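Trainee: I would like to go through this model with you and ask, for each term, on what grounds it is applied.

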Amino acid sequence: MKKTLEVINELKKERLIKDYAIGGAIGVMKWVEPFFTRDLDIFVIPIQQMTKKQIISFLPVYNYLKNKGYNKWIGQWLIIEGVSVEFLPAEGLAKESVKNAVEVEFENVKIKVMTPEYLIALLLIAGRDKDIRKIEMLLNQTDVDMNRLMKILTKYNLTEKFEKIR
Amino acid sequence: MKILIKDNEVITLEELYRRKEKTRKEMAKLPFEEKIRQLVKLQKLAHGWGNKKDVIIWKVS
């Protein structure tokens with residue numbers, strides 16, 4: 001895992017990506033009790049500007065990783081140092097989540113993880129049962145800045161959705 | 001409803017749930033590294049006992 005994170009940090013250092021943050025289940029797990037998950041979701045702000053019609057290519061990233069020997073795919077996951085990783089383009093709320101992510105350390109490797117407030121907003125959009133359970137865990141097990149959360153939810157028209165699950 | 005737990009202590013079901021929630025909050029404060037180690041244990045459990053052979057067991061130091 002440590003090596004995986006070091007490799008992901010290299011992508012930013014080599015300017016193959018503008019920025020990244022850990023989201024998804026592992027992002028949530030930073031703030032709550034451990035639970036089962038299969039993959040490490042990395043939300044990426046690409047170097048290229050994103051427009052709605054444009055196809056986002058992670059090809060430079062994949063080629064760089066391939067040259068380093070990371071070429072094993074299982075389903076949608078690229079295996080980096082034994083960890084199943086998925087790269088997701090960050091746009092809109094996800095992009096803002098990456099920009100506002102906090103820096104934490106994992107075995108002395110500096111990484112960025114999304115905050116509970118942004119994770120809740122992103123989970124609300126996904127809206128599956130397992131996403132709602134993660135929202136409940138975040139609300140019950142960690143400090144959530146409710147003012148900040150409500151600002152984010154209002155900005156992205158998610159307040160109604162949030163009120164329904166509370 | 002009351003139940004008997006360790007050390008012959010009798011508690012209510014509500015108390016049991018309250019304690020469980022407290023434990024969860026304590027586990028939420030574990031270091032990130034420890035949480036990932038526990039996740040790997042869960043992945044091993046799913047792969048072996050749960051017979052989910054498609055589960056990838058992560059490498060951790």
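Trainee: What makes up the secondary structure of chain B?

Mentor: Chain B has two helices and two strands, arranged along the sequence as β-β-α-α, where helices (H or I, at least four residues) and strands (E, at least two) are DSSP runs, numbered from the N terminus. This is a predicted model, in which local features need pLDDT of at least 70 and side-chain atom pairs count only at pLDDT 80 or more, while totals for chains, interfaces and linings use all residues. Residues are numbered from 1 along each chain as its sequence is written, and chains are lettered from A and ligands numbered from 1 in the order in which they are written.

Trainee: Why is chain B called more spread out than a compact globule?

Mentor: The globule rule (2.2 Å times the number of residues to the power 0.38, with the radius of gyration taken over C-alpha atoms) gives 10 Å for 61 residues, and the radius of gyration of chain B is 16 Å, well over that value, so chain B is more spread out than a compact globule. Along its principal axes, the C-alpha trace of chain B spans about 40 × 30 × 20 Å.

Trainee: How many residues does each chain bring to the contact between chain A and chain B?

Mentor: Chain A brings 21 residues and chain B brings 19, two residues being in contact if their C-beta atoms, placed from the backbone, lie within 7 Å. On the side of chain A that touches chain B, β5 (83-89) and β6 (102-106) of chain A each supply at least two residues.
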